[in-house]
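Reader: I have a new model open on my screen and would like to get to know it. Could you walk me through it?

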Amino acid sequence: MKIRELRFSNLNSLAGEWVIRFADPAYTSSGLFAIIGPTGSGKTTILDAVSLALYGRTPRLGKITKSGNEIMTRHTGECYAEVEFESQKGLFRCYWSQQRARKNPLGELQQPKHEISNAATGEILASRKTDVMDVIEEVTGMS
């Protein structure tokens, strides 16, 4: 699996929308790059965003549910993570999001949404949590 692009918004200390295009020549020309920065600058949040988009959870925070979300930036009403990746099976886009009622920072958490689609055609391949996990495992070989 090769990650081509990562988009996320309002995760941990990184408020607002962020885009990292790993297919950009700045990343691909040398074949090697590092994620570096001072403590609290968002390095782990980038890895959390990839994990959320693909698996709907993060290793350090576990599952994110309607009753608890420790990763959404404080004082915001929504967050999301989206990753576009390619594997031997094709080009895919995986999207995870959660919001509070009416996107109000004080609103009740809503059920997270998770889906995977064919990035070339836009066809949604799965939109139920367990089905998304099955498709991810099928197209990447990683559970």
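Author: Happily; what follows is a set of questions and answers on the sheet, the helices, a few residues and the pockets of this predicted model.

Reader: Let's begin with the sheet. In what order do its strands lie?

Author: The sheet is open and holds 6 strands, with antiparallel pairing. Its edge strands are β2 (14-21) and β8 (124-126), each of which pairs on one side only. Averaged over neighbouring strands and ignoring direction, the turn of one against the next is 20°. Read across the sheet, the order is β2-β1-β5-β6-β7-β8.

Reader: How many bridges join β1 to β5?

Author: In the order of the sheet, β1 sits between β2 and β5. On the β2 side, the antiparallel pairing with β1 covers 6 bridges. On the β5 side, where the strands also run antiparallel, the number of bridges is 7.

Reader: Which residue of β2 is the bridge partner of Arg7?

Author: Some partners along this stretch help to set the scene. Phe8 stands opposite Ala81 in β5, and Ser9 stands opposite Glu17 in β2. For Arg7, the bridge partner in β2 is Val19.

Reader: Where does Asn12 sit, and what is its phi?

Author: Asn12 belongs to the hairpin of β1 and β2. That hairpin has 2 residues between the strands. The phi of Asn12 is positive, near 50°.

Reader: Is Asn10 buried or exposed?

Author: Asn10 is found in strand β1. Its phi is near 55°, a positive value in a residue other than glycine. The cut-off for buried is under 20% relative accessible area. Because Asn10 has a relative accessibility of 10%, it counts as buried.

Reader: And Lys103: buried, partly exposed or exposed?

Author: Lys103 also has a positive phi near 55° without being a glycine. Its place is the loop between β6 (90-99) and β7 (113-118). Partly exposed covers the range between the 20% and 50% cut-offs. With a relative accessible area of 43%, Lys103 is therefore partly exposed.

Reader: Now the helices. At what angle does α3 run to β7?

Author: Helix α2 makes a useful starting point: it lies across β1, β2, β5 (78-87), β6 and β7, and runs at about 105° to β1. Helix α3, residues 129-140, lies across β5, β6, β7 and β8. Its angle to β7 is about 40°.

Reader: Which residues does Ser51 contact, leaving aside its neighbours within four places in sequence?

Author: Ser51 has its place in helix α2. Its relative accessibility is 14%, so Ser51 counts as buried. Leaving those sequence neighbours aside, Ser51 is in contact with Gly56, Arg57, Thr58 and Pro59.

Reader: What does Gly56 touch, not counting residues up to four places away in sequence?

Author: Gly56 is found in the loop between α2 and β3 (57-58). With a relative accessible area of 10%, Gly56 is buried. Beyond those sequence neighbours, Gly56 touches Ser51, Ile64, Trp96 and His114.

Reader: How many Å apart in space are Gly56 and Gln99?

Author: Along the sequence, Gly56 and Gln99 are 43 residues apart. In space, taken from C-alpha to C-alpha, the separation of Gly56 and Gln99 is 14 Å.

Reader: On to the pockets. Which element supplies the largest share of the lining of the largest pocket?

Author: The largest pocket has a volume of about 210 Å³. Among the residues that line it are Lys2, Phe22, Tyr27, Phe33 and Leu47. At least two lining residues come from each of β1 (2-11), α1 (25-28) and α2 (43-55). The largest share, 3 residues, comes from α2.

Reader: How many nonpolar residues does that lining of the largest pocket have?

Author: Sorted by class, the lining of the largest pocket has 1 charged and 2 polar residues. The number of nonpolar residues in this lining is 8.

Reader: And the second largest pocket: how many of its lining residues are polar?

Author: The second largest pocket holds about 160 Å³ of space. Its lining includes Gly56, Ile64, Trp96 and His114, and Gly56 touches the other three of these. By class, the lining has 4 nonpolar and 3 charged residues. The number of polar residues in the lining of the second largest pocket is 5.

Methods: Residues are numbered from 1 along each chain as its sequence is written. This is a predicted model: local features need pLDDT of at least 70, side-chain atom pairs count only at pLDDT 80 or more; totals for chains, interfaces and linings use all residues. Side-chain values use heavy atoms; hydrogens and water are left out. On a 1 Å grid over the protein atoms alone, a cavity is a set of points where a 1.4 Å probe fits but cannot get out, and a pocket is an open set with protein on both sides within 12 Å along at least five of seven lines; lining residues have an atom within 4 Å of a point. Grid points are joined across faces, edges and corners, and a volume is the space filled by probe spheres set on the points. Helices (H or I, at least four residues) and strands (E, at least two) are DSSP runs, numbered from the N terminus. Ala, Val, Leu, Ile, Met, Phe, Trp, Tyr, Cys and Pro count as nonpolar, Asp, Glu, Lys and Arg as charged, and the others, Gly among them, as polar. Buried means under 20% relative accessible area, exposed over 50%, partly exposed in between (1.4 Å probe, protein chains only). Contact means heavy atoms within 4.5 Å. Two strands pair if DSSP finds at least two bridges between them. Axes are lines fitted to C-alpha atoms, for helices over the stretch in contact, and angles run from 0 to 180 degrees between N-to-C directions.
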